[in-house]
Amino acid sequence: MSTKNNKILFLSTGTIIKECGYKNCFLNRVYAINSIKEGEKLFILSFDLYYSFKESQNVVNNLNVSGIDTNIYPFERGRNIVQKAVNIIKHNLIVLKYCKKNKISLINAAGHSALLRCILVKYLSTTKILFYLDGVHFDEKYSQRKRLYPLLKSIEKRMILSSDGISFVSSAMKDYYSTITNLPKNIVIPNSVDFNLFSFSQEKRTEMRFMLEVQNKFVFAYAGEIFEEWHLGKEMIKI
């Protein structure tokens, strides 16, 4: 797909513009996408939960990025399957209307939740959809639910097949999803890691182990957060 004169929509949901790491992640994506070729234009559309809506507005208001049309829609988290379905339908209508109004060429759907908001766009417009697959969320959150999990994995498979392209954050993740279904056109973009800056150094390793007094010990390091809704913290500690 030619990128000349494209109008690209970055679509996100929930907490993508939250404080801490999420804010930095969002800003990095904005600046990265804003460095696209001359003649392209970036749009941002986000559906945020009410509790993070003000924070999202503050981040957007402080963005030092000109020429980016940004819209944030607050919504209440669905308490049951009916309310969640209603939210998805409403959001699909908003995304479809927005894409038609702005003649969007490509949607960068940030995650499973964002892609679910692109169903109407997929079937009622010519807009292309890039699925930014940044995790195995159904596996992390629902693998213990024997009835729901197979259904969600089936839906996930259809989501992948309905995408025009997929962006993976690691080769391991690509390999995992390739065992689930035949992948459409895809690319692996590691999480902004510059190996020229973060390459292995035996000297630094020895120096750090000596400083921490763990020269002859096996050390396990976990870089990230432990959020019970997603990460199954107790199981991680057992491992």
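How much area does the chain expose, and what share of it do carbon and sulfur atoms supply? In this predicted model, the exposed area comes to about 15,900 Å², with carbon and sulfur atoms supplying 56% of it. On the inside, buried residues account for 36% of the 239 residues in the chain. The chain is built from 11 helices and seven strands. Of the contacts with a separation of 6 or more, 63% are between residues 24 or more positions apart.

A word on confidence comes before the details. Mean pLDDT for the chain is 77, and 70% of the residues reach 70 or more. Helix 5 (residues 119–124) has the highest confidence, at 91, while helix 1 (residues 21–33) has the lowest, at a mean of 49. Over residues 16–25 pLDDT stays under 50, and the model has 21 contacts beyond four places in sequence for this stretch. Where pLDDT is low, the predicted coordinates should not be read in detail.

Turning to the interior, the largest nonpolar core has 34 residues. Leu9, Leu11, Val95, Ile107 and Leu133 are the ones with the most contacts inside this core. Strand 2 (residues 41–49) is the element that gives the most to the core, putting in six residues. As for Leu11, its partners more than four places away in sequence include Leu45 and Phe47, along with Val95 and Ile107. Leu11 also touches Asn108, Ala109, Ala110 and Ala114, and the list is rounded off by Arg117 and Cys118.

Cys118 leads on to the question of disulfides, and the structure holds zero of them. Why is there no bond between Cys99 and Cys118? The closest cysteine sulfur to that of Cys99 is the one in Cys118, but at 7.2 Å it is too far for a bond, given that a disulfide needs the two sulfur atoms within 2.5 Å. Looking from the other side, the sulfur of Cys118 has its closest cysteine sulfur in Cys99. Both cysteines are tucked away from the surface: Cys99 is buried, with a relative accessible area of 3%, and Cys118 counts as buried at 2%.

Aromatic rings come next, with four aromatic pairs in the structure. One of them joins Tyr176 and Tyr177, whose ring centres are 5.1 Å apart and whose planes meet at 75 degrees, so the pair is edge-to-face; the cut-off for that label is over 60 degrees. These two tyrosines sit next to each other in sequence, yet how do they fare for accessibility, buried or partly exposed? Tyr176 counts as partly exposed, with 30% relative accessibility, whereas Tyr177 is buried at 0%. Ring pairs also bring in Phe168, which forms a cluster with Tyr176 and Tyr177.

Finally, there is Gly165, which lies in strand 6 (residues 165–168). Gly165 is buried, with a relative accessible area of 9%. Which residues does Gly165 touch beyond four places away in sequence? They are Ile129, Leu130, Phe131 and Lys185. For Gly165 and Ile129, the C-alpha atoms are separated by 6.7 Å, although the two residues are 36 apart along the chain.

How values were computed: Residues are numbered from 1 along each chain as its sequence is written. This is a predicted model: local features need pLDDT of at least 70, side-chain atom pairs count only at pLDDT 80 or more; totals for chains, interfaces and linings use all residues. Side-chain values use heavy atoms; hydrogens and water are left out. Rings of Phe, Tyr and Trp (its six-membered ring) pair if their centres lie within 6.5 Å; planes under 30 degrees apart count as stacked, over 60 as edge-to-face and the rest as tilted. Buried means under 20% relative accessible area, exposed over 50%, partly exposed in between (1.4 Å probe, protein chains only). A nonpolar core is a set of buried Ala, Val, Leu, Ile, Met, Phe, Trp, Tyr and Cys residues joined through side-chain atoms within 4.5 Å. Helices (H or I, at least four residues) and strands (E, at least two) are DSSP runs, numbered from the N terminus. Contact means heavy atoms within 4.5 Å. Accessible areas come from the Shrake-Rupley method with a 1.4 Å probe; for residues, only the protein chains shown count as cover. pLDDT is the predictor's confidence in each residue, from 0 to 100.
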